[in-house]
Amino acid sequence: IEDFVQDAVESGGLLMMWEISDLDDLENDPEVTVTLRFGMGTPLLGTDGLLLSGQTFRPNPDKEAVVIPAKLENGRITTEPFDGKLPIKVFHVHYELELKDARMSAELTFDGGLINGVMGGKVPLSNLMAIAVVADGEAGGILDSVTFVLEGMGDMDRDADGKCQALSAALAFSAVSGFFYEDVEE
């Protein structure tokens, strides 16, 4: 899965943009706002294969921004829990991975980037199966494998019968500073 996510980032299929606002101090600030947006476009990569900083992207108008309260402690920003959908494009097919009760935490760099980041939450098993059904229709032959792998893998959100309905998930990341523009109506 890690390779698919990295390929999606490099091809512009998953461009998460974290806008940090209400930041009064670069080391400690108890009330910060993080706005999660999803961008459009194909990013430029350096010779190391990583995203180059300072690029400008257009926010995806079809994806609503998520505004999240956060705090900054000792240079590390941490959000409150939030729900969201990660739009991922793999092999020209669009998927939406649901995240419930997610949190993001990362160290803020001097130039506005983020390092040593982690985002985690829970993904409903029903969402993973829906993605598998779409992927099976596109590529074929994976639905039985995904069903087998996911059976019993749930570790969160027990139902009335005690069966877990979600899977915990985490993503380590780093981010470079960049810009976004929005269309202006005349």
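Is Glu182 buried, partly exposed or exposed? Glu182 counts as partly exposed, at 48% relative accessibility. Keep in mind for each view below that this is a predicted model.

**View 1. Glu182, past strand β11.**
Here we're looking at Glu182, which sits in the segment after β11 (178-180). Setting aside the neighbours within four places in sequence, Glu182 touches Arg37 and Pro59. For a sense of scale, take Gly120: Glu182 and Gly120 are 62 residues apart in sequence, and their C-alpha atoms are 28 Å apart in space. With a relative accessible area of 48%, Glu182 falls in the partly exposed class, because that class lies between the buried limit of 20% and the exposed limit of 50%.

**View 2. Ile115 and the residues around it.**
Ile115 belongs to strand β8 (residues 114-124). What does Ile115 contact once its neighbours within four places in sequence are left aside? The list is Arg76, Ala106, Glu107, Thr109, Phe173 and Ser174. Ile115 still counts as partly exposed, at 36% relative accessibility. Gly178 is 63 residues from Ile115 along the chain, and 14 Å separates the two C-alpha atoms.

**View 3. A patch of negative charge.**
Five acidic residues come together on the surface in this close-up: Asp22, Asp24, Asp25, Glu27 and Glu31 make up a patch of negative charge. To find your way in, start from Asp22, in the loop between β1 (16-21) and β2 (29-40). Asp22 is partly exposed, and its relative accessible area is 48%.

**View 4. A nonpolar patch.**
Now for some greasy side chains: Phe148, Val149 and Met153 form a nonpolar patch on the surface. Together the three have about 350 Å² of accessible area. Met153 is found in the loop between α3 (143-150) and β9 (156-158). Its relative accessibility of 43% puts Met153 in the partly exposed class.

**View 5. Asp101 and Lys122, a salt bridge between strands.**
The count for the model is eight salt bridges, and this view shows one of them. Asp101 and Lys122 pair through their side chains, with 2.9 Å from N to O. Asp101 is in strand β7 (residues 93-108) and Lys122 is in strand β8, so this salt bridge ties together parts that are 21 residues apart in sequence. How do the partners sit relative to the surface, buried or partly exposed? Asp101 is partly exposed at 45% relative accessibility, whereas Lys122 is buried, with a relative accessible area of 11%. The pair doesn't stand alone, either: Asp101, Lys122 and Asp157 are linked in a network of salt bridges.

**View 6. Asp157, a network member with a positive phi.**
Zoom in on Asp157, which lies in strand β9 and belongs to the salt-bridge network with Asp101 and Lys122. Most residues other than glycine have a negative phi. Asp157, though, has a positive phi, near 60°. As for accessibility, Asp157 is partly exposed, with a relative accessible area of 38%.

**View 7. Asn74, another positive phi.**
Asn74 isn't a glycine, yet its phi is positive, at about 55°. Where should you look for Asn74? Try the loop between β4 (66-73) and β5 (76-79). With 62% relative accessibility, Asn74 counts as exposed, because the exposed class begins over 50%.

**View 8. Glu151 and Lys163, a salt bridge between loops.**
This salt bridge joins the side chains of Glu151 and Lys163, with an N to O distance of 3.9 Å. Glu151 is in the loop between α3 and β9, while Lys163 is in the loop between β9 and β10 (164-175), so to speak a link between distant parts of the chain, twelve residues apart. Glu151 is exposed, with a relative accessible area of 55%, and Lys163 is partly exposed, with 48%.

**View 9. Lys100 and Glu98.**
The final close-up shows Lys100 and Glu98, whose side chains meet in a salt bridge of 3.9 Å, N to O. Lys100 is partly exposed, at 32% relative accessibility. Glu98 is also partly exposed, with a relative accessible area of 22%.

Terms used
Residues numbered from 1 in each chain as written. Predicted model: local features only at pLDDT ≥ 70, side-chain atom pairs only at ≥ 80, totals over all residues. Heavy atoms only, no water. Patch = residues over 30% accessible without salt bridge, like charges linked within 9 Å, V, L, I, M, F, W, Y side chains within 5 Å. Areas by Shrake-Rupley, 256 points an atom, 1.4 Å probe, with all protein chains shown as cover. Salt bridge = Lys/Arg side-chain N within 4 Å of Asp/Glu carboxyl O. Lys, Arg positive; Asp, Glu negative; His and termini not counted. Charge placed at Lys NZ, Arg CZ, Asp CG, Glu CD. Helix = DSSP H or I, 4+ residues; strand = E, 2+ residues; numbered from the N terminus. Buried < 20%, exposed > 50% of the residue type's maximum accessible area, 1.4 Å probe, protein only. Contact = heavy atoms within 4.5 Å.
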